[in-house]
Amino acid sequence: MERKVYLDNAATTYIATEVLNEMMPCFSVFYGNPNSIHSFGREAQGLVDRARDRIARAINSNSNEVYFTSGGTESDNWAIKGIAHAYSSKGKHIITSSIEHSAVLGACKALEREGYEITYLPVDKFGLVDLAELIHAIRKDTILISIMAVNNEVGTIQNIKAIGKIAKEYDVIFHTDAVQALSSLRLDVKDMEIDLMSISSHKVYGPKGVGALYIRNGIKIENLIDGGHQERNKRGGTLNVPAIVGFGKAVEMTVRDFALYNKKIKKLRDYFVREVKEKIPYIIINGHPHQKVNNIINISFELIEGEAILMLLDFEGIAVSTGSACTSGALEPSYVLRAMGVDDEVAQGSIRFSLGRSTSKDDIDYTIKKLAEAVGKLRKISPQTKSSVKGE
Ligand SMILES: *Cc1c(COP(=O)(O)O)cnc(C)c1O
């Protein structure tokens with residue numbers, strides 16, 4: 001019997017049963033359009049309101065500051081382009097980091113083509129933005145700081161509260177991509193002085209294709225999607241009620257079970273790292289030594305290619321990911337690891353293991369065994385391997 005182990009929870013998660021159970025009736029019973037004023041519409045609107053309240057409670061915002069979107073990518077695009085366009089008379093300078101998700105970097109690149117100026121802050125070897133450098137980058141015409149809460153490749157947690165404080169002090173709007181943070185950090189938009197925050201459902205055991213943007217009351221923003229009067233005239237399109245209901249439940253559960261899963265995952269993570277260090281030589285653990293989330297482990301295996309490890313593990317039913325993107329046949333090292341100063345050749349040998357609620361100790365044991373075999377096999381045939389490493 002083939003064994004399946006899913007260690008790619010930072011890419012997406014399964015839908016929790018409780019979430020699915022709440023979604024099901026929305027497809028066939030409560031199928032009204034929340035915009036309709038009859039009873040079917042009102043019923044659907046009630047479900048959407050409850051989901052919005054649950055999310056607001058989880059992040060300590062008001063319900064009318066939560067706007068539903070199609071996911072993290074749309075939320076990031078809306079936040080960055082919407083603020084840029086609404087505040088262009090104040091200035092056209094935006095500060096972000098060099099390790100943001102492609103949704104943020106892509107939105108910034110689009111704005112550059114419109115004449116905006118973007119500062120991409122460097123990070124240190126742990127993946128942290130330097131606060132003094134952030135302050136130094138702020139100018140009179142800076143309108144937005146967009147810095148992610150948790151990096152999706154290495155798991156480093158930024159000093160979000162301190163960044164929020166700096167942004168406020170210099171009167172600059174602060175957006176954070178908190179998609180990877182939602183399952184691992186207690187997010188409080190008031191305490192952290194966040195003006196806009198992107199979150200997504202499918203990274204926290206909810207359905208795909210739905211997310212939210214928190215927009216602090218009083219912040220001006222241009223629409224990204226024009227249309228009907230949905231979402232207080234800010235985001236057109238008939239609401240995806242089943243997905244929104246699932247998202248609301250998923251977020252509520254995340255907060256409810258926060259301590260339980262974070263403790264469980266931390267224990268498995270520590271065990272995994274200990275075992276890998278013991279069983280496999282010539283490795284580098286990437287990311288911050290302690291200011292990081294529990295579920296993401298990024299390891300470089302020297303002398304071999306991450307893609308090759310991924311394929312051998314996939315053959316054994318184990319799902320992991322590499323940071324590197326395969327562009328036109330040429331392997332590009334991860335831009336995140338590169339920004340952290342990891343040598344290109346080492347970065348090529350990197351694998352991200354992301355644990356989840358359902359990960360078991362058996363899964364970890366099986367993975368370690370197959371990983372050690374795969375790495376050993378690849379190093380034996382690697383032209384980079386010196387005979388001393390091969391054990392010859
Ligand atoms: C997954 C992810 C996104 C994109 O969210 P989608 O809902 O998949 O569009 C954005 N930022 C980060 C950090 C992510 O991990």
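Two strands count as a pair here if DSSP finds at least two bridges between them. With that in hand, here are some views of this predicted model.

**View 1. Strands β10 and β14 pair up in the antiparallel sense.**
Five bridges tie β10, which covers residues 296-301, to β14. If you want one place to look, pick Ile297, whose bridge partner in β14 is Phe353. Helix α10 (residues 306-315) sits alongside, packing on the sheet and touching both β10 and β14. Its direction makes about 45° with that of β14.

**View 2. An open sheet is built from three strands.**
Going across, the order is β9-β10-β14, and the pairing is antiparallel. Which strands are at the edges? Those are β9 (283-286) and β14 (350-354), each pairing on one side only. From one strand to the next, the twist averages 25°.

**View 3. Helix α9 lies across the three strands β9, β10 and β14.**
This helix takes in residues 258-279. Relative to β10, helix α9 runs at about 10°.

**View 4. Thr69 is a buried residue in strand β2.**
The strand itself is a short entry in the numbering, residues 66-69. How accessible is Thr69? Its relative accessible area is 5%, and the cut-off for buried is under 20%, so Thr69 counts as buried. A polar atom of the Thr69 side chain lies 3.1 Å from the backbone oxygen of Gly71.

**View 5. Here is the company Thr69 keeps beyond its neighbours within four places in sequence.**
Thr69 is in contact with Glu74, Ser75 and Trp78, among others. The list also includes Gly209, Val210, Gly211, Ala212 and Leu213. Arg235 is another of the contacts of Thr69.

**View 6. Stepping back, the chain has 14 helices and 14 strands.**
How does the radius of gyration compare with the globule rule? The chain comes out at 22 Å, close to the 21 Å that the rule gives for 392 residues, so it is as compact as a globular protein of that length. Along the principal axes, the C-alpha atoms fill a box of roughly 75 × 55 × 40 Å. Of the 392 residues, 56% count as buried. The chain exposes about 17,100 Å², with carbon and sulfur atoms supplying 54% of that area. As for contacts between residues at least 6 apart in sequence, 73% join residues at least 24 apart.

Technical notes
Residues are numbered from 1 along each chain as its sequence is written. This is a predicted model: local features need pLDDT of at least 70, side-chain atom pairs count only at pLDDT 80 or more; totals for chains, interfaces and linings use all residues. Side-chain values use heavy atoms; hydrogens and water are left out. Helices (H or I, at least four residues) and strands (E, at least two) are DSSP runs, numbered from the N terminus. Axes are lines fitted to C-alpha atoms, for helices over the stretch in contact, and angles run from 0 to 180 degrees between N-to-C directions. Contact means heavy atoms within 4.5 Å. The radius of gyration is taken over C-alpha atoms; the globule rule is 2.2 Å times the number of residues to the power 0.38. Buried means under 20% relative accessible area, exposed over 50%, partly exposed in between (1.4 Å probe, protein chains only). Accessible areas come from the Shrake-Rupley method with a 1.4 Å probe; for residues, only the protein chains shown count as cover. A polar contact is a pair of N or O atoms within 3.5 Å; within protein, one must be able to donate a hydrogen and the other to accept it, and residues adjacent in sequence count only if both atoms are side-chain atoms.
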